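Me: I have not looked at this one before, so could you walk me through it slowly?
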Amino acid sequence: MDRQLYDLAGANPEFRFSPYCWRSRLALMHKGLRTEFLPWRFTEKDKIAFSGQGRVPVLVDGGRVVADSWNIALHLETTYPDAPSLFGGPQAQALARFVNGWADSVQLPGLSRLVLADIVPALHEGDVEYFLRSRQERFGMPVEAVCAGREREVETFRANLAPLRLLLRNQPFVCGEAPAYADYIVFGGFQWARCVSDFPVLAADDVVAEWVERMLDHAGPQARDMPKLRRVQNPL
Ligand SMILES: N[C@@H](CCC(=O)N[C@@H](CS)C(=O)NCC(=O)O)C(=O)O
C-alpha cells in the first residue's frame, strides 16, 4: 500500500489510542483512502525522524510526508478534492480550526486530568519511563498527581462542555446532519479517554455521550472495540 500512517500503539501493537491519530484515521476513512496504520511507540523517534519532528500522526502519502493531524486533514482535502469534503468549504474549514484549538486547549487538557494516569499500564514497557518523565515535565507534577482530584475535576470538565452540549441538542453531529472533520477532532479526545480508561468522563444521559455513540456507529468496530485491546500484552 503506498499510503501509511504512523499511529501510536501500546504494549499490544494493535492497541491504538492517540486522540490525534484518531482524527487522522477517521479523516482517511471519510476520504475513502486505504491506508496502512503502522504501530509506533513514544520512544521510536528514529522511525519518524524523516518527518523532521517527533510526534504522531505522520502520514506518508506516495512521496509526500505530512506531520500533525491538522496538516494531514488539509493535505487530504486539497489532494483528494473529488472525495467527500472533510470541511464543506473554506468558511467551515476556518471554523473547524477553532474546534481544533478548543480540543487541544480545553478538551484534551481536561481529559488528561481524568485519565492520564490510566495510560501507564497499557504502554509498551520501553515507553513507561519516557512517558512518566515527559508528562511530569509537561504537567509539572507526577502523572498520578495529575489525576488525583478526578472525582471532583470531572464536574468541571463536564460543565466546560456546555457549548458542545448546546450544539448537539440541536443537531446530530458537530458538522450538522452528518459527521465530518470537526466531529473527528472532538471524537478523537473521547475515543482516547475510552481506550485508555474506564473512568466515566461523561454522564450516561448527556447528549454528548449520545453523540459519542453515534460516532462509534459511524467509525465502526475498529473504534468501538479498541478498548478491549488495552490489556492484551505484546505477543512478540
Ligand atoms: N499537534 C499535533 C500533536 C501530536 C501529538 O502530540 N502526538 C502525541 C501522541 S498522542 C505524540 O506523538 N507524542 C510524542 C511524545 O510525547 O513524545 C497533532 O495534532 O498531530
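Reply: Here is a walk through the domains, the ligand shell and two helix pairs, bearing in mind that this is a predicted model.

Me: Okay, which domains does the assignment give?
Reply: The domain assignment of the protein gives domain 1, covering 3-79, and domain 2, covering 90-227. Taken over C-alpha atoms, the centres of domain 1 and domain 2 are separated by 18 Å.

Me: And how many residues does each domain put into the contact?
Reply: Domain 1 contributes 18 residues to the contact, and domain 2 contributes 23 residues.

Me: On the domain 1 side, which elements are involved?
Reply: The elements that give two or more residues to the side of domain 1 touching domain 2 are H1 and H2, and H1 gives the most there, with 7 residues. Sorted by class, that side of domain 1 has 11 nonpolar, 4 polar and 3 charged residues.

Me: How do H1 and H2 sit against each other? What's the angle?
Reply: H1 and H2 pack at an angle of about 10°, and their axes are 9 Å apart. The two helices, H1 and H2, are therefore roughly parallel to each other.

Me: Which residues meet there, between H1 and H2?
Reply: From H1, the residues Tyr20, Arg23, Ser24, Ala27 and Leu28 meet Ser69, Ile72, Ala73 and Leu76 from H2. By class, this contact of H1 with H2 has 6 nonpolar, 2 polar and 1 charged residues.

Me: Switching to the ligand, how many residues surround it, and which are the closest?
Reply: The ligand is surrounded by 13 residues, and the closest are Ser18, Tyr20, Arg55, Asp68 and Ser69. Tyr20 and Ser69 have already come up, since both belong to the set of residues where H1 meets H2.

Me: Which helices feed into that shell?
Reply: Helix H1, which spans 19-30, and helix H2, which spans 69-79, each supply at least two residues of the shell around the ligand. As for the classes, the shell around the ligand has 7 nonpolar, 4 polar and 2 charged residues.

Me: Now the other pair, H3 and H6. At what angle do they cross?
Reply: The axes of helix H3, residues 90-115, and helix H6, residues 150-160, come within 9 Å and cross at roughly 160°. That angle makes H3 roughly antiparallel to H6, and the crossing of H3 and H6 is left-handed.

Me: Who touches whom in H3 and H6?
Reply: In H3, Val106, Gly110, Arg113 and Leu114 meet Arg150, Glu153, Val154, Phe157 and Asn160 in H6. By class, the contact of H3 with H6 has 4 nonpolar, 2 polar and 3 charged residues.

How values were computed:
Residues are numbered from 1 along each chain as its sequence is written. This is a predicted model: local features need pLDDT of at least 70, side-chain atom pairs count only at pLDDT 80 or more; totals for chains, interfaces and linings use all residues. A residue is near a molecule or strand if its C-beta atom, placed from the backbone, lies within 6 Å of it. Helices (H or I, at least four residues) and strands (E, at least two) are DSSP runs, numbered from the N terminus. Ala, Val, Leu, Ile, Met, Phe, Trp, Tyr, Cys and Pro count as nonpolar, Asp, Glu, Lys and Arg as charged, and the others, Gly among them, as polar. Domain bounds come from an automatic or database domain assignment. Two residues are in contact if their C-beta atoms, placed from the backbone, lie within 7 Å. Axes are lines fitted to C-alpha atoms, for helices over the stretch in contact, and angles run from 0 to 180 degrees between N-to-C directions. Angles under 35 degrees count as roughly parallel, over 145 as roughly antiparallel, 65 to 115 as roughly perpendicular and the rest as oblique. A crossing is left-handed if the near helix is turned anticlockwise from the far one by less than a right angle, and right-handed if clockwise.
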